[in-house]
Amino acid sequence: MASLAPPPLPSSYHHPHHPLLPKPSIFTPKASLSFSPTQTTSPSPLQDLNRLCNSGNLTAALTLLQTNTFPTSQHLKDAIGALLQACGRHNDIQTGRKLHRLVSQSTIFTHDVVLNTRIITMYSMCNSPSDSRHVFDALPRKNLFQWNAMVSGYSRNNLNAEAIDTFIELLRTAEFKPDNFTMPCVIKACGGVLDVGLGQGVHGMVVKMGLVSDVFIGNALIALYAKFGMLRDAVKMFDKMPERNLVSWNSMIGGFSENGMCEESFGLLVRFLEGEEGFVPDEATLVTVLPVCGGKGEVKMGMEIHGLAVKLGINKELMLSNALMDMYLKCGCLKEARVLFEKNERKNVVSWNAFIGGYSREGDVSGAFDLLRKMQMEEKVDVVTVLNVLPACLTESELLRLKELHGYSFRHGFQDDELVANAFVAAYAKCGSLSSAEQVFYGIETKTVSSWNAVVGGLAQNGDPKKALDLYLQMKQSGLDTDSFSIGSLLLACSHLKFLQYGKEIHGFVLRNGLELDSFIGISLLSFYIQCGKLSTARALFDRMEHQSSVSWNAMISGYSQIGLPDEALDLFRQMLSSGILPSEIATMSVLGACSQLSALRLGKELHCFALKAGFTEDLFVGCSLIDMYAKSGCIEQSHRAFDSLTKKDVASWNVIIAGYGIHGHGNKALELFGEMIRLGQKPDSFTFLGILTACNHAGLVKNGIKYFNQMQRLYGIEPKLEHYACVVDMLGRAGQLEEALNIIDDMPEEPDTRIWSSLLSSCRNYNDLGTGQKIAEKLLELEPERAENYVLLSNLYAATGNWDDVRWVRQRMREIGLQKEAGRSWIELGGQVYSFVAGDNSLPESGEIRKMWTRLEERISKLGYTPNTDSVLHELDYAEKIEILRGHSEKLAISFGLLKMNKGATVRVCKNLRICLDCHNAAKLISKAVEREIIVRDNKRFHHFKDGLCSCGDYW
């Protein structure tokens, strides 16, 4: 049976010694071949051919093969074999096909076992396993080498199912037994088809056949078990190997690395270096460890590996240089990465892509695009390059650059790639151009689930959740099945729209289809119930989770903190620590937020220490949370130190410190910081101006506030939002400029909300403007007729002006509706524990001591001029009853408790849920003088620092 011939050569191919031509050929047995050795000392044809093969000049090598005489047929066979191997190495399938044709037409070599095996291998190395199979199937008899070549070829080309099928065919039909060359390829294929059970079966066969001690099989088994996270089995295999080579160590080190086990990976590397086996790490050894260093942010470990690479003299190897650069980039060390990049004289597309990706991840849009332009001059941009640049386009200001990149992708044909198209959908949505996102989506010819997920997720996350739901329904109608990302995007849309019932239906779908164990879906459901205010449902879902990941803990803690339940957030955080789960940056940030709400300074300081030890303080979000925590705990100086310690300050960090000074009443300092921010080139945003307006409001800097409000749009192009108008109206109202405040409301481009009207109503009460107040109250009650605070404000206005009949009418109306005034509550942190006090509450164990302490304090401050201000009691009672109510105000109870329990001279820090009343404000000033210590009270508007009989607010609040 003749060997199957490859496709005919191109018509242009012609050679004077072609075997089909009449002239004798070296491949024709009738040809007169001279086997006598040549008398010249010049290099033999085989030596010349090997030299050409090594240099990659295979066309010349083929010409030499056909035009030279070889001493023996074995020499000729060796030459053909060498050239076939070179074709495989250099991926030169065209020269390989010509060789195949010559061999198949030769009566000497057509059935040669070695050459046919090399032809099979050559085709597989040239990524054409189908040609390998044609050659294999045409063989009249097959030996084990050819079976192995076929299994290896499929495995090499990631045709893992075909590799396994061929292995099974070998077992079933051949008389040969698999050997130590067959089994590593089969084990690798088991990993490729993600069937660890099959791999374990092959492992059993290996043991029965007595091949388990083979080092190549051992290496393959280590890689298989590591791929499936079965590190115990991998380590067991590694430890039992009678003989290990460098690949064994690399496989085990890589196994730890791939499973995110940084310390174990590095520890094994150290053990390898200290071992007595005499192996020296190669490029692959170090490259396996570096990704986990980058992923875990272990820059010190990465630097040690860098030092080792320099000592070994392999630091300039391209693959290792790229891996080192990537590690530095992922650890945020752009300077070190840039040095490596610039010193790399053999940059390839991987080098450029990694460097661009690093800048993109850091949010340096200009840097990423500048590198992209430079890359175009030196290297061919590919799909990965575009995908690495796109994540930098996150805001509306980057829309022009995004469109530029989109045009570039169109011109170079990248838009047809599904990943690129989906990434552009997501990027346009993030940049606020939802219409462009939809256009890209509708332009995708074959829409996959990933394409639908990109557009549904983009719309859900960036402002059009209703349309996201509509598109999800279209996706279902198209016949595609949802995946976990589809459900996650759908739940996100329901969260934004507060569609509780629809979200519950999705939850039902999840349960019916057995998807509740999917971690991504579980987190999405948690977030959905939290966003819809159903904390008890979210907590029940969390408690039922079989595996509570750090992400689920983060979601639950963050939910409690965001929804205003800081005590529950702290309790859950303690439970997380008890469960042995170390806090991440997100958990730390959320708990710092809870500490900010409670002004829990001691807990906040403990978290600060933890963040320092864990290296979290370099994270901008954690850094901003620390600034905020100290500011809201009354330590504005410490807040500023936390701000100064940031190595990189973005607009968010400036916003937090400006707002911090604002709530402490340091308006001029806030304006000074704003000026410094502008000088340093930071671009303010809407939050910056909210902080500035708040600072001017609390400090009474009305003219400055109006100036900056006008500058927002004129100088910085920022459209004022409702919260900015609310701040300006409150500022004017506090200053008694009620008419000016009403003019601002009249000039607003949209209707005022309840925040604006309630702020103005409060100002009417402060200035006893009953007429204006009643008109405002009508609008307020029309907008929110079932909010208790609105009725309380109106009642207080009537009480302040002595209209007790109207007060009784308002309170009767509240009772009819079923509304109740929020009780005054204050709290204080002592020894890491938060103690709460409610106005008039005498049920605490220490209530008797607290009352006695207040009696002593009242006596002392009375000598300093304290007279109870009964106007602060807005009830129709006699003088004595009002005095008794004043004595039970929650801030007085908290201050008394603090003085009872705290060391002499320690600052007393109290928080209150409502605005501090005039009587408590006066009392706190005099107490600070009488006991000679600072008292800090944070009410629902701002901070009051009482010291030496004065308040930082200057009695303006």
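Here is a chat about strand 4 and some salt bridges in this predicted model.

Trainee: Which way do the side chains of strand 4 point, and are they buried or exposed?

Mentor: Look at residues 935-938, which make up strand 4. Ile935 and Val937 point one way, while Ile936 and Arg938 point the other way. As for burial, all of them are buried.

Trainee: What kind of unit do strand 3, helix 50 and strand 4 make?

Mentor: Start with the strands: strand 3 (residues 908-912) pairs with strand 4 over 4 bridges, in the parallel sense. In that pairing, cysteine 911 sits opposite arginine 938. Add helix 50 (residues 918-930) and you've got a right-handed β-α-β unit.

Trainee: And in strand 5, which residue is the bridge partner of isoleucine 936?

Mentor: Strand 5 covers residues 943-947 and runs antiparallel to strand 4, with 4 bridges joining them. A hairpin of 4 residues links the two strands. Across from isoleucine 936, the partner is histidine 945.

Trainee: How many residues apart in helix 20 are arginine 373 and aspartate 370?

Mentor: Their side chains meet in a salt bridge, 3.4 Å from N to O. About one helical turn separates them, because along helix 20 (residues 365-378) they are 3 residues apart.

Trainee: How far apart in sequence are the parts that arginine 808 and glutamate 876 tie together?

Mentor: These two form a salt bridge, with the closest N and O atoms 2.2 Å apart. Arginine 808 belongs to helix 46 (residues 804-817), whereas glutamate 876 is in the loop between helix 47 and helix 48, so the parts they tie together are separated by 68 residues.

Notes. Residues are numbered from 1 along each chain as its sequence is written. This is a predicted model: local features need pLDDT of at least 70, side-chain atom pairs count only at pLDDT 80 or more; totals for chains, interfaces and linings use all residues. Side-chain values use heavy atoms; hydrogens and water are left out. Buried means under 20% relative accessible area, exposed over 50%, partly exposed in between (1.4 Å probe, protein chains only). Two strands pair if DSSP finds at least two bridges between them. A crossover is right-handed if, with the strands pointing away from the viewer, the path from the first strand over the helix to the second runs clockwise. A salt bridge is a side-chain nitrogen of Lys or Arg within 4 Å of a carboxyl oxygen of Asp or Glu.
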